[in-house]
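Subject: Handover of a structure

Dear colleague,

Please find below the structure that I am handing over to you. I should be grateful if you would read the notes that follow alongside it.

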Amino acid sequence: MKCYRKGSVTMKKLQKEFEDFNDEIKIGSESDALRDKREKLKSDMEDYFPGECAKYNIDINKSDLRFIHQGSYKIGTTISNPGKSIDLDYAVIFPLDISEYDDPRDLKKAARNALEIKNVRIPVIKEPCVTVAYHSNGNETMHIDFPIYADYNSCLYLARGKEFSENFQWEQADPEGLNNYFLEKFKDNEQLKRIVRYIKKWKQEKYNNSTSNHEVPPSVGLTILACEHYHAYTDDDLSSLYYTMKAIREQFTVSKDWDGTITEATITCNLPVIPYSNVFYKMTSSHLKTFYNRLDTAVENLREAVNLSEAYEAAKYV
């Protein structure tokens, strides 16, 4: 849907502010430091992972390994987050008969051991990946996540489960299909990329002090919602952002009590590819209600801004 608003000097000025803000928050590509770390880790995986797998009687060759980018760096929607750790998803894919090797934890332990340097580099096995974090002056500055995928019968399966957890599985997934979904949505559409960055920056601001990832709406969910409910407005990011976020708000199912107080808010956003799971499944009812209330406030502020003709006054609401 492409719409046009009547142009004015003030709104053109506001559009320039939006575009300048986008330039300020966007990260176009990996930094040299992040790229160097990734390349070193890739080299170590290639050199040591097959040997670590052999300890579990799993036969994998260096030439079998394939690496792909996932997430915002791949699709070009990464934004800066001052004072916070930079993160990158870098998937490892290799052929494996998962009917014979049904415990993905062994592969994750092999990956962890391949990347480890005693007392220097200490990878951590997380539920969906193996993570390597880097620190400076006691603070994490960047981390690289390695999701581990088995290629079996022309399908990919993600290794899920922590090292000592009794809950583990090979989950069918399609990381390349998800990449292609986003790349197609963003093809020749710089405004949509900007809208996604604005929404992700809004999330950063509103959840900056959150202590648990489960209370924060995942960026992949916000990105899918923005892509599916995007409203295009030529040279008018304010209207595009307002109508896109308004449409996202309308995806919620909201319950209220007798005096109009919101008692519950729920939303479902399924991945557009296998396993088609709801990306908000980890958020509790309380977290989803907070998400809705914050989104509702943002939409109402943007509505006020859209209805004003003076850029300075509109900017206050933005």
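The notes below cover strand pairing, a helix, salt bridges and a pocket.

Please bear in mind that this is a predicted model.

Strand pairing

I begin with strand β3, which spans residues 86-95. Strand β2 (residues 66-70) runs antiparallel to β3, and five bridges join the two. Within β3, tyrosine 90 is the residue that stands opposite histidine 69. Strand β6 (residues 139-146) runs parallel to β3, with four bridges between them; here aspartate 87 faces histidine 143 of β6. The pairing of β3 with strand β7 (residues 148-152) is likewise parallel and comprises four bridges. Proline 95 has aspartate 151 in β7 as its bridge partner.

Strand β6 also pairs with β5 (residues 130-136), in the antiparallel sense. Seven bridges hold this pair, and threonine 131 is matched with aspartate 145 in β6. The two strands form a hairpin with two residues between them, in which asparagine 137 adopts a positive phi near 55°. On the N-terminal side, β4 is joined to β5 by two bridges, again antiparallel. That pair is a hairpin as well, with four residues between the strands. Threonine 131 appears here too, as the bridge partner of valine 124.

Helix α7

Helix α7 covers residues 219-228, and seven of its ten residues are buried. Those residues are Gly221, Leu222, Thr223, Ile224, Leu225, Ala226 and Cys227. They pack against five helices, namely α3 (72-75), α5 (175-186), α6, α8 and α9.

Salt bridges

There are 25 salt bridges in the structure. One of them links the side chains of aspartate 44 and arginine 121, with an N to O distance of 2.9 Å. Aspartate 44 belongs to helix α2 (residues 32-54) and arginine 121 to the loop between α4 (104-115) and β4 (124-125), so this pair ties together parts that are 77 residues apart in sequence. Both residues, aspartate 44 and arginine 121, are buried.

A second salt bridge joins arginine 112 and glutamate 163, whose closest N and O atoms lie 3.1 Å apart. Because arginine 112 sits in helix α4 and glutamate 163 in the loop between β8 (155-160) and β9 (169-173), the contact ties together parts that are 51 residues apart in sequence. Arginine 112 and glutamate 163 are both buried.

A further salt bridge, between lysine 193 and glutamate 190, has an N to O distance of 4.0 Å. These two residues are three residues apart in helix α6, and are therefore separated by about one helical turn. Lysine 193 counts as buried because its relative accessible area is 17%, under the 20% cut-off. Glutamate 190, at 45%, is partly exposed.

Finally, Arg249, Asp296, Glu300, Arg303 and Glu304 are linked in a network of salt bridges.

The second largest pocket

The second largest pocket contains about 510 Å³ of space. Which elements give two or more residues to the lining of this pocket? They are α1 (9-25), α6 (190-206), α8 (237-249), α9 (285-306) and α10 (311-317). The lining has 19 residues, and those nearest the centre of the pocket are Trp202, Leu241, Leu302, Tyr317 and Val318. By class, twelve of the lining residues are nonpolar, five are charged and two are polar.

An exposed loop residue

One residue of the loop between α2 and β2 is aspartate 59. Aspartate 59 is exposed, its relative accessible area being 66%. From aspartate 59 to arginine 197 the C-alpha to C-alpha distance is 42 Å, and the two are 138 residues apart in sequence.

Yours sincerely,

A colleague

Notes. Residues numbered from 1 in each chain as written. Predicted model: local features only at pLDDT ≥ 70, side-chain atom pairs only at ≥ 80, totals over all residues. Heavy atoms only, no water. 1 Å grid on protein atoms, 1.4 Å probe; cavity = no way out; pocket = protein on both sides within 12 Å on 5 of 7 lines; lining within 4 Å. Points joined across faces, edges and corners; volume = space filled by probe spheres on them. Nonpolar A, V, L, I, M, F, W, Y, C, P; charged D, E, K, R; others polar. Pairing = 2+ DSSP bridges. Buried < 20%, exposed > 50% of the residue type's maximum accessible area, 1.4 Å probe, protein only. Contact = heavy atoms within 4.5 Å.
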